[in-house]
Amino acid sequence: MERKGFWDRLQSIDHRILYAAVIVVIIIPLLRPLGLPITVTDATLKAYKAVDEYAKPGSVVVIAFEFIAGNWPEMGPIAVAMTQHVFNKPDVRIIILAMGRDEGPILAERTLRYVDKKGKEYGRDYVNLGFFAGGEAAMAAFARDIPGLVKKDYYGTPIEGLPVMSGLKSLSDIDLFICLWSGTPGWVEYLRQWQTPYGIACVGGTLGIVGPGAQPYVAAGQLKGLVVGLRGGGEYEKLINKPGEATAGLDAISTTHILIFVCVILGNIGYFAARGARRREG
Amino acid sequence: MSLLRQREIPIGITLIAGFLMLIDYYFRAEIPQVAGISTTVQRWAVIIAAFALLIGLINITRIHLNHLMKRTRGQWIFSVWCLFIMYLMIVVGLFGTVRHPIYQWLYTNIFLPIDAAMYSILALFISSAAYRAFRARNFEAFLMLASGIITMMMNAPIGEIIWKGFPVVGDWIMMVPNVAAQRAFLICAVVGAVSLGIRTLLGMERGYLGREE
């Protein structure tokens, strides 16, 4: 068997070595944070400003939890930061629901555990309506006739007994919609059933991998702002001045990205050097 | 053929429901009478969709019981675990509600970490894939490599410490070439969805009815 040359080996580092290196560069900054500065990107700032603009005293905000447990490490910090921002606003009614992911209400409860309620009371100022099966059909039904679809909250309390729901007839009574989604059903379905027909103000939070696909909606103004990935979560935490899991994880993002950057460069050096050597050999 | 097995009945229901939703969505102001019927049908859809969960439960039970009966090599033990944990969560959830401490414990300490671990494995695969795939073999590959590196460094706080231009160029890549390409994909997908919708409404697309006998 022909032995591989140095340049060829540089192109084919064993994946186990790469995996081990990735794990090491994730763990080290988590144990000893580097404290790298975070600058806020335009999309995150727009989302923050939209919440400031639309979540005014007397307004109603709907937050949809459309992600799954596996997304928690990336989506959780975004959910906590954005929900906290809304809870910081005085005299705002908050409605939490899920129409695409049945785990949504459980993850919403988990999110609320990390949120400082700022004196807001369950039932009076905020409510978790739970999961509605049906995806887009449920979204359309909710938008048209809230009391017709929603009979009880997540804990089985009839909505007549919840002051937070009083006077809410349709989506026209909602001032801001925050969509926290990780796939399908998610933002696109809400866009079709809520944003386009009712013109409701929307901001979003999503995974880093989903973010590029959602940028056309930001460019078109259908999303007033978008918080993308752990980076976006860290930026939002900085904006609300409440460092959390995303801020802690961003150093690990930096070290892993540097590792991948170095590996890609090494792979390309190996590729061009090996190609040059083969050409010289004829 | 029995009346219930005739394909014309579901096709007719699809046609009526489909046109009802289309008229309601696009001509709500012109034909307000349709709004009431449409709202009722949407509520039916929510209730019917809830039944899909039951069908999913029956289907999973049937598949895994089959593995269990046949003692499928390398599978049956996982089927036992799947059925056990699924029915455990159903029983606890039904009789103790999803706020029950056992349900919460199972979700928070078993399901959530396992699901998150599955998702996090992607980081390893993506690292390995990026290292192997990003080779500047030709001009197109170089463009992909360069845009990949720039957007990657844009997303890491250390990127702008290395070079201030990473966020600027990265943002341009994200908002100009990316948005242009994504819009093209979206428009293509929507045109496809419209044609599929028309074919379904006209009864030409019958995949949703199951296999023809």
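Which residues are buried in helix 7 (residues 165-175) of chain B? The first legend takes up this point.

**Figure 1. Helix 7 of chain B in the predicted model.** Phe166(B), Gly170(B) and Met174(B) are the buried residues shown in helix 7, which runs over residues 165-175 of chain B. They lie on the same side of helix 7 of chain B, because the arc they cover around the axis is only 55°. Their packing partner in chain A is helix 9 (211-219). Within chain B, these buried residues pack against helix 5 (139-155), helix 6 (157-162) and helix 8 (177-201).

**Figure 2. Helix 4 of chain B, residues 101-133.** The helix has 33 residues, which at 1.5 Å a residue should span 48 Å; the end C-alpha atoms are 47 Å apart, so the two values agree. At Phe111(B), shortly before the proline Pro113(B), helix 4 of chain B has a kink of about 30°. Its buried residues are Tyr103(B), Tyr107(B), Leu112(B), Ser127(B), Ser128(B) and Tyr131(B). In chain A, the buried residues of helix 4 of chain B pack against helix 2 (15-31), helix 4 (72-88), helix 5 (104-113) and helix 11 (245-281). In chain B, they pack against helix 3 (76-96).

**Figure 3. The contact between chain A and chain B.** Chain A brings 51 residues to the contact and chain B brings 45 residues. On the side of chain A that touches chain B, at least two residues each come from helix 2, helix 4, helix 6 (136-144), helix 7 (146-149), helix 9, helix 10 (229-239) and helix 11 of chain A. Helix 11 of chain A gives the largest share of that side, 13 residues. By residue class, the side of chain A that touches chain B holds 30 nonpolar, 17 polar and 4 charged residues.

**Figure 4. Domains of chain A.** Domain 1 of chain A is made of two segments, 6-32 and 252-281, and domain 2 covers 42-243. A distance of 40 Å lies between the C-alpha centres of domain 1 of chain A and domain 2 of chain A. The C-alpha trace of chain A spans about 80 × 40 × 30 Å along its principal axes. Chain A contains 11 helices and 6 strands. Of the 282 residues in chain A, 51% are buried. Taking contacts in chain A between residues at least 6 apart in sequence, 76% join residues at least 24 apart.

**Figure 5. Surroundings of Gly225(A) in the loop between helix 9 and strand 6 (226-228) of chain A.** Gly225(A) counts as buried because it has 21 C-beta neighbours inside 10 Å, the cut-off for a buried residue being 20 or more. Leaving aside residues up to four places away in sequence, Gly225(A) touches Ala43(A), Thr44(A), Lys46(A), Ala47(A), Tyr48(A), Lys49(A), Ala50(A) and Val203(A). Asp145(A) is 80 residues from Gly225(A) along the chain, and their C-alpha atoms are separated by 27 Å.

**Figure 6. Backbone geometry in three loops of chain A.** The peptide bond from Thr184(A) to Pro185(A) is cis, and its omega is near -5°. Pro185(A) belongs to the loop between strand 4 (176-181) and helix 8 (187-198) of chain A. Asp91(A), a residue other than glycine, has a positive phi near 55°. Asp91(A) is in the loop between helix 4 and strand 2 (93-98) of chain A and is exposed, with 11 other C-beta atoms within 10 Å. Lys118(A) is not a glycine either, and its phi is positive at about 55°. The loop that holds Lys118(A) lies between helix 5 and strand 3 (126-131) of chain A. With 13 other C-beta atoms within 10 Å, Lys118(A) is partly exposed.

**Figure 7. Gln75(B) and the domains of chain B.** Chain B is divided into domain 1 (8-72), domain 2 (105-133) and domain 3 (138-202). The C-alpha centres of domain 1 of chain B and domain 2 of chain B are 33 Å apart. Gln75(B) sits in the loop between helix 2 (33-70) and helix 3 of chain B. Gln75(B) is partly exposed, having 14 other C-beta atoms within 10 Å. His64(B) is 11 residues from Gln75(B) along the chain, with 8.9 Å between the C-alpha atoms.

How values were computed: Residues numbered from 1 in each chain as written. Chains lettered and ligands numbered in written order. Predicted model: local features only at pLDDT ≥ 70, side-chain atom pairs only at ≥ 80, totals over all residues. Domains from an automatic or database assignment. Helix = DSSP H or I, 4+ residues; strand = E, 2+ residues; numbered from the N terminus. Buried ≥ 20, exposed ≤ 12 C-beta atoms within 10 Å, placed from the backbone. Contact = placed C-beta atoms within 7 Å. Expected span 1.5 Å × (residues − 1). Bend = angle between axes of the 7 residues up to and from the residue. Arc of directions from axis to C-beta. Nonpolar A, V, L, I, M, F, W, Y, C, P; charged D, E, K, R; others polar.
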